[in-house]
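Reader: Hi! I'm new to reading protein structures, and I'd love a close look at one part of this one. Could you walk me through it step by step?

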Amino acid sequence: MGCFTFIKVMMILFNLAIFLSGGTLLGVGIWVKVDGQSFVDIFGALSSSVLQIVNVSYVLIVIGAILLIIGFLGCCGAQKESKCLLMVFFSVVLIIFIAEVAVAVVALVYTTLAESLLTAVVTPVLKEQYGKDPTFTQIWNTTMTQVHCCGLNNYTDFNNSFYYEKNGFYPPQCCGSPGSCNATLAAQRNVTGCFDQILEEIRTNAGVAGGVAAGIGALEIASMAVSMYLYCRLDQK
């Protein structure tokens, strides 16, 4: 039973780390939801871009909650030697693994479709909230100033927007200079949209992201294998 005990202890420690990581992400998600600007101040312009394209607070809260559940199931299943909890743990991790593979395949195969959907979701929010919501506006201003971009795609994202209807011109970042930015000047300057800048950042760090994704996948496979090993060995005790 020496090998069984060792693997059981490692399973408990591993899932304890997952549980603590989930709690950390949950806390960060709540922090971003309550005070998004301080998150941008600490993590920089790219974080502000991501903050607008994806509602980071909810993503972190959901991921944190899932990790808390997985860590709890893994710890309790191993500690109590519960076949039921171990099987639930295995099933949850398997579902997450399949979902991750599906998302990766869709992202690779349907990149253009994903870009179109993202534009359809974010642009209306930008038109409605920029210039109206102070926090939203500040985050976008930080993004456009530091990343040297304009809107999600280009200056036309602000056509018929709350900001344009109120002021009669585009944000100064769309012209790359302070002062009033009209349609003629914005078209001449043709400042790149923030979405293209974000994609460039992602492509630049694609190797790191791929390595992290591969590492996560390997950990998930290992955790499923260990939980199934413990599950099968409990029948022999």
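Reader: Let's look at Ser161: is Ser161 buried or exposed, and what is its relative accessible area?

Author: Happy to help! Keep in mind that this is a predicted model. Ser161 has a relative accessible area of 1%, and because buried means under 20%, Ser161 counts as buried. You will find Ser161 in the loop between helix 7 and helix 8. From there, its side chain reaches the backbone nitrogen of Tyr164, at 3.1 Å. Helix 8 covers residues 162–167, and confidence in the chain is highest there, at 90. By contrast, helix 3 (residues 45–53) has the lowest confidence, with a mean of 49. The chain as a whole averages a pLDDT of 80, and 81% of the residues score at least 70.

Now follow the loop back to helix 7. This helix runs over residues 134–147, 14 residues in total. From first C-alpha to last, helix 7 reaches 20 Å, close to the 20 Å expected at 1.5 Å a residue. At its N-terminal end, Asp133 acts as a cap: one of its side-chain oxygens lies 3.1 Å from the backbone nitrogen of Phe136. Phe136 is also one of the buried residues of helix 7. The others are Thr137, Ile139, Trp140, Thr142, Thr143 and Met144. Here is a handy idea for reading such a list: an α-helix has 3.6 residues a turn, so residues three or four places apart point the same way. Finally, just after helix 7, His148 takes a positive phi of about 60°.

Note on methods. Residues are numbered from 1 along each chain as its sequence is written. Side-chain values use heavy atoms; hydrogens and water are left out. Helices (H or I, at least four residues) and strands (E, at least two) are DSSP runs, numbered from the N terminus. The expected span of a helix is 1.5 Å times one less than its number of residues. Buried means under 20% relative accessible area, exposed over 50%, partly exposed in between (1.4 Å probe, protein chains only). A polar contact is a pair of N or O atoms within 3.5 Å; within protein, one must be able to donate a hydrogen and the other to accept it, and residues adjacent in sequence count only if both atoms are side-chain atoms. pLDDT is the predictor's confidence in each residue, from 0 to 100.
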